[in-house]
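Q: Please take a close look at the cavities of this protein and describe what lines them. It would help a newcomer if the answer then went on to the surroundings.

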Amino acid sequence: MSETPPISQNFIRERIAADLAEGRYGGRIHTRFPPEPNGRLHIGHAKSICLNFGIARDAGGLCNLRMDDTNPVKEDLAYVNSIVEDVRWLIADWADDRLGLKPEGALPQADGADFFLFPASGSADRAARREAFFASDYFDALYEFAVRLVKKGKAYVCDHTPEEVDRMRGAPEAAGRPSAYRDRSVAENLDLFARMKEGEFPDGSRTLRAKINMDAPNVWLRDPVLYRIRHTEHHRTGRRWRIYPMYDFAHCLSDYIEGITHSICTLEFEVHRPLYDWILESLELPRPLPRQHEFARLNLTHTVLSKRKLLRLVEEKRVEGWDDPRMPTIAGMRRRGYPAAAVRAFCERIGVAKRENTIEFALLEHCVREELNRTALRRFAVLRPIKLVITNLPEGRLEEVTATNNPEDPAAGSRAIPFGRELWIERDDFAEDPPPKYFRLKPGGEVRLKNAYIVKCEEAIKDEAGNVVELRCVADLDSKTGGTTANRKVKGTIHWVAAAHALDAEARLYEALYTRPDPDKGGDDLSALNPNSLETLRGCKVEPSLAEAAPGVVFQFERLGYFVRSEEKERLVFLRTVTLRDSWSKVGHPPARP
RNA sequence: UACCCGAUGGUGUAAUGGUAGCACAGAGGCCUUUGGAGCCUUUAGUGAAGGUUCGAAUCCUUCUCGGGUAGCCA
């Protein structure tokens with residue numbers, strides 16, 4: 001279905017090629033996408049998904065979908081399901097056979113001193129019920145690993161308060177001070193850690209800490225906390241645990257358990273990498289160990305991508321929800337009619353590097369247009385109608401004209417659309433006092449009604465307030481396709497809908513959510529919200545074939561843009577996916593169209 | 001100014017010691033029964049200064065600028 005975007009080289013793919021060439025993992029490549037289920041996925045996650053699945057795809061490997069659910073106070077089961085749905089939508093027909101899932105309920109197997117979990121791929125074992133991976137499924141294994149670290153004298157139970165730990169860690173430029181509990185005996189540590197697990201101590205009273213180096217210039221090596229006490233119910237493990245592993249401890253070991261080879265994350269984890277390696281090496285796990293690689297996260301103009309800010313838009317009802325078509329979420333883009341292939345093409349084009357980057361929203365829209373231009377069927381729709389009457393056509397006369405469904409795709413065929421004496425045309429396609437280079441209808445001027453006649457405007461009828469309410473035109477009755485004057489050149493061609501057969505519809509026009517390209521900069525992003533980001537138009541007139549438009553299917557309304565039928569079944573509502581490129585408004589004129 | 005990372009047109013991204021290329025955006029043109037699409041042309045770049053070299057975006061030194069890191073968040 002979708003075309004494969006060309007594979008561009010980047011530093012991560014180069015490293016993988018090098019690992020492959022060296023045979024580091026025996027020719028095996030296994031990545032993972034590890035969202036925390038505390039929010040919905042957005043275009044920034046899409047970049048990571050495309051990178052990780054794209055690598056798995058190229059290398060014949062797998063990419064595990066893993067919920068990074070180690071913090072019970074922040075996470076929610078509802079997000080788990082939406083994340084799975086979003087990932088599946090994005091990789092469908094592209095890398096769905098690379099999606100690593102595990103048999104439902106499967107837990108890591110203890111293999112001597114080791115733990116391993118073998119994934120089932122998307123293509124194998126179709127009948128089995130399979131689910132995403134969950135870091136919380138590894139809590140038992142992780143606990144065992146922690147005990148092992150304690151026995152090696154590389155971790156200890158610390159009784160300092162969070163404030164004390166904070167203070168004693170020092171600052172990036174000033175060395176930290178060791179915990180008073182740093183030299184507890186292994187036996188005492190084992191006993192205390194076991195009792196932490198049993199729930200003997202209140203939240204915040206003790207932690208398990210790695211024993212590394214309080215003088216390390218990298219603060220993440222200053223005896224970081226590995227486990228904290230949380231008497232909180234977890235969405236998956238219920239009340240079984242009172243201690244929960246921290247990200248740094250859980251993540252590297254989850255990667256190890258799943259047999260991940262390349263653990264790809266964003267730049268802010270760069271300073272965590274020495275800790276990632278320290279944990280795996282201290283446990284003396286068999287090599288080759290997974291390795292972490294960092295890339296720069298995506299920034300997009302005219303929107304925000306921080307979970308906190310997106311959540312706020314939802315909670316304060318600045319938008320309709322996570323899937324509002326204006327949101328940069330995967331659900332929002334899907335609802336707006338962005339094809340998954342377009343989002344993937346975008347992710348491929350923006351590249352992967354380590355420098356800070358801000359991509360122009362125009363590039364995303366370009367990718368959407370590029371895909372939709374190839375695939376979307378053309379239809380006629382008039383958003384802001386004005387009546388046009390062809391005076392030299394008899395009343396009640398019905399004609400049918402033939403319209404091409406997609407000029408980019410001959411296989412899409414053509415359709416018949418009704419044509420008659422009375423039509424609706426776009427109000428903007430008539431100007432009583434036209435600006436220079438106005439190619440559309442004007443008093444005394446001629447224009448082509450697409451797929452039908454050339455008409456000449458003879459009269460503009462006005463109401464008492466002076467508004468033009470009806471245009472009376474004469475058609476050149478030989479100018480239809482096949483007619484003797486069909487090849488006459490007129491400068492403008494406009495679309496129309498026959499009044500007698502038009503369907504009423506609503507259209508929702510979206511613009512950028514923010515007026516400024518950088519709403520993240522300079523404090524309050526809410527002050528930069530675009531008050532015109534949604535405009536609802538009622539009384540739009542669309543061609544009759546659109547009655548059968550299925551929800552979620554995108555059409556090109558000729559000369560207007562791409563529109564997707566909304567989920568509302570009882571009436572016709574179309575959401576504007578993206579406008580067409582508009583060279584009229586670019587030359588300094590107001591937008592040619594609504 | 002502790003450590004780490006980064007710096008190539010307006011925005012991104014290639015070039016891995018040998019002609020600075022591509023895409024988007026911008027400008028101009030051709031074509032057009034979508035002012036769409038397509039096609040052609042074009043503007044614009046290696047942060048600075050030294051050094052190595054026949055040759056440097058690339059290697060070295062210093063500087064400048066930007067980002068990250070001090071959660072019992074991920």
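A: On a 1 Å grid over the protein atoms alone, a cavity is a set of points where a 1.4 Å probe fits but cannot get out, and lining residues have an atom within 4 Å of a point. Grid points are joined across faces, edges and corners, and a volume is the space filled by probe spheres set on the points. The model is predicted, so that local features need pLDDT of at least 70 and side-chain atom pairs count only at pLDDT 80 or more, while totals for chains, interfaces and linings use all residues. Residues are numbered from 1 along each chain as its sequence is written, chains are lettered from A and ligands numbered from 1 in the order in which they are written, and side-chain values use heavy atoms, with hydrogens and water left out.

By this rule, there are two cavities of 30 Å³ or more. The second largest cavity has a volume of about 40 Å³. Its lining consists of F380, I417, P418, W496, V497, A498, E543 and P544. Two elements, β19 (414–420) and β25 (496–498), give two or more residues each to this lining; helices (H or I, at least four residues) and strands (E, at least two) are DSSP runs numbered from the N terminus. The largest share, three residues, comes from β25. In terms of class, the lining of this cavity has seven nonpolar residues, no polar ones and one charged residue; here Ala, Val, Leu, Ile, Met, Phe, Trp, Tyr, Cys and Pro count as nonpolar, Asp, Glu, Lys and Arg as charged, and the others, Gly among them, as polar.

Strand β25 also belongs to an open sheet of seven strands with mixed pairing, in the order β24-β21-β22-β23-β17-β20-β25. Because β24 (493–494) and β25 stand at the edges with a single partner strand each, one side of each is left without a neighbour in the sheet. Two strands pair if DSSP finds at least two bridges between them. Strands β21 (residues 446–449) and β22 (residues 454–462) run antiparallel and are joined by three bridges. E446 has K456 in β22 as its bridge partner.

On a wider view, chain A is divided into domain 1 (11–297), domain 2 (307–377 + 506–587) and domain 3 (381–495), with bounds from an automatic or database domain assignment. The C-alpha centres of domain 1 and domain 3 are 63 Å apart.

Domains 1 and 2 each contribute at least three residues to the lining of the largest pocket. A pocket, unlike a cavity, is an open set with protein on both sides within 12 Å along at least five of seven lines. The largest pocket holds about 1,200 Å³ of space. Of its 45 lining residues, H45, T266, E268, F269 and R297 lie nearest its centre. At least two lining residues each come from β1 (30–33), α2 (43–59), α7 (247–258), β13 (262–266) and α9 (307–315), and α2 supplies the largest share, four residues. By class, the lining of the largest pocket has 16 nonpolar, 14 polar and 15 charged residues.

The protein also meets RNA strand B, which 73 residues surround, the closest being E14, D166, R378, Q556 and R559; a residue counts as near if one of its heavy atoms lies within 4 Å of the strand. Sugar or phosphate accounts for 65% of the atoms of RNA strand B within 4 Å of the protein, and bases for the rest. A polar contact is a pair of N or O atoms within 3.5 Å. A side-chain N or O atom of R169 is 2.9 Å from a phosphate oxygen of RNA strand B. For Y247, a backbone N or O atom lies 2.9 Å from a phosphate oxygen of the strand, and for R581 a polar side-chain atom lies 2.9 Å from a phosphate oxygen of RNA strand B. Two or more residues of the surface near RNA strand B come from each of α5 (162–168), β11 (225–229), α11 (340–350), α12 (361–375) and α13 (583–586). That surface has 23 nonpolar, 20 polar and 30 charged residues.

Methods:
Polar contact = N/O pair within 3.5 Å; in protein donor to acceptor, adjacent residues only side chain to side chain.
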